[in-house]
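I opened this entry to keep track of what I looked up, strand by strand and helix by helix. The notes follow the order of my lookups.

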Amino acid sequence: MSEQKEPKLKPGACIPWEQKKKELPKISGDEKLIQKVWEDIDALGYMYIWQCLLSF
Amino acid sequence: MAKDMEKLYAERLKRYVTAMRNEKPDRIPIRPFVAEFTAKYAGYTCQEVTHDFEKAFAAARKCAADFDWDAVVANMVYVWTGLTQAIGMKYYGVPGIDVPPNTGFQYLEPPEEKAFMKPDEYDQLIEDPTGYLFNVWLPRISADVSPIDEPTSYRNNLSFLKGGMAMLTYFNAFEKQNESLRSESGTVSAISGILKAPFDILADKLRGYIGLVIDLFERPAKVLAACEALMPHLTQAALSGADPDKNVPITIWMHRGCVPFVSQAHFEKFYWPTLKPIIEEICAHGHQVLFYAEGDWNAHLESFAELPDQAIVYHVDKGDIFEVHKAIGHKFCISGGIPNFLLAYGTADEVRDYCKKVIDGVARDGGYIMDASAIVQNDAKVENIKAMTDFTREYGVY
């Protein structure tokens, strides 16, 4: 039986936070907040393409 | 919400969920998957309900209220062609544009040489499915999205902006539709979340059926690796749309992975091993999956029986429902099995007789949901849908 293999880019992500962070200057304040918002909106882009494939 | 509707909704939800857990409710739930039939009943054309989802929602609500069903799909004319047109999708026959206005929308599978994924692109897909879809697939299926190495355009930018905003508008509208079904007629929204098998995705949207079947012989290792690469993403997509209350199931639309579209060996090597773990993962999260087995999947009942009890609700289209019941009825709820040709061309008496035969054969111990075999379009007669409904309400009491 095929196992669910660990993908290179995790499901839910288009541009991972780790990649985006490298483009930014040093973050001060609440980095987790910036990460969460980035990932939440990135997931919308992910949803768009996978729903295009699945639902439309 | 009026108290009587709240009470009715609670009764219906309990009835529907009890049956889906393969137990015996107070009576057989009635849950027709009605698409363009709702347009016919409500006085709309196929074009109206396909291009304007608010009309589709209204038609579904009118049917739910007038027929007094326990559950209904919030919008079974699910492809909103206003959205697909905004994106520029090439693979739809749109009512009023590509097909007559009172014909349901159609999928247009390209010829083999124009498949949306080329045979030498498996490695790209396997390496990064999301990236492949954005960079290669989307520009091919859209008339407006620019290929990745070519200049962008006004139309390209608008495709993403309009497509994204339209998709959010549409998906967000389902919350109000579900609430309206509940408050106006006490009707349960039947399903939540979507899944397709990796194999079916390759056939439906990427390589095409002919291309994939050739690939099974010419590059089988790539096909298997591609299915495996799609698995975590399809799992994620399914779970992201699932019912947070874990009442109603995620639906898998099962297409051309069965005999005779492919051989038994191909099903056992490609289709099932890359689908079963997804189902198991979904079950582990506490959700059921509705196997909407379009066509005849009876050659594979033994494989489906490998799943845990109550993992799925098995919907019967052209398969022999009595055979299904014998093979897996002790494990899973069954739905459907009332032939669409009967609902379109038969008499009300013939429909009642057939419903009786099915109920007597598979529903006596519970674990059955009344529905047509396949999605009901605008060829079904209103009096026959009424006959199926009224008979089941009377005869299907436990």
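**Pairing around E8(B).** The model is predicted, and I keep that in mind throughout. I began with a single bridge: B:Leu290 has B:Val313 in E8(B) as its partner. I then looked up the strands behind that pair. E7(B), residues 289–293, and E8(B) pair in the parallel sense, with 5 bridges. Next I checked for another neighbour of E8(B). Strand E9(B), residues 333–336, is joined to E8(B) by 4 bridges, and these two strands also run parallel. One pair I noted there is B:Val316 opposite B:Gly336.

**The connection.** I asked what kind of unit E8(B), helix H15 and E9(B) make. Together they form a right-handed β-α-β unit, with H15(B) spanning residues 321–328.

**Burial of E8(B).** How many residues of strand E8(B), 312–316, are buried? I found 5 of the 5, so the strand is largely enclosed by the rest of the structure. I then sorted them by face. B:Ile312, B:Tyr314 and B:Val316 are on one side, and B:Val313 and B:His315 are on the other. Both faces are covered.

**On to E6(B).** I moved to the other pairing of E7(B). E6(B) and E7(B) run parallel and are joined by 5 bridges. Here B:Ile250 has B:Val289 as its bridge partner. E6(B) covers residues 250–254 and is mostly covered, with 4 of its 5 residues buried. I also looked up strand E5(B), residues 194–195. This strand runs parallel to E6(B), with 2 bridges between them. B:Ile194 stands opposite B:Thr251.

**Helix H10(B).** Which residues of helix H10(B), 208–218, are buried? I listed B:Gly208, B:Gly211, B:Leu212 and B:Asp215. Viewed down the axis of H10(B), the buried residues fall within an arc of 95°, so they line one face of the helix. I then checked what that face packs against. The buried residues of H10(B) pack against helix H9(B), 198–206, and helix H11(B), 220–240.

**Between the chains.** Last, I turned to the contacts of chain A with chain B. I counted 22 residues of chain A in contact with 32 residues of chain B. On the chain A side, the classes are 14 nonpolar, 5 polar and 3 charged residues. I note that the size of an interface is often given as accessible area lost when the parts come together. My entry here holds residue counts.

Conventions: Residues are numbered from 1 along each chain as its sequence is written. Chains are lettered from A and ligands numbered from 1 in the order in which they are written. This is a predicted model: local features need pLDDT of at least 70, side-chain atom pairs count only at pLDDT 80 or more; totals for chains, interfaces and linings use all residues. Two residues are in contact if their C-beta atoms, placed from the backbone, lie within 7 Å. Ala, Val, Leu, Ile, Met, Phe, Trp, Tyr, Cys and Pro count as nonpolar, Asp, Glu, Lys and Arg as charged, and the others, Gly among them, as polar. A residue is buried if 20 or more other C-beta atoms lie within 10 Å of its own, exposed if 12 or fewer, and partly exposed in between; C-beta atoms are placed from the backbone. Two strands pair if DSSP finds at least two bridges between them. A crossover is right-handed if, with the strands pointing away from the viewer, the path from the first strand over the helix to the second runs clockwise. The arc is that of the directions from the helix axis to the C-beta atoms.
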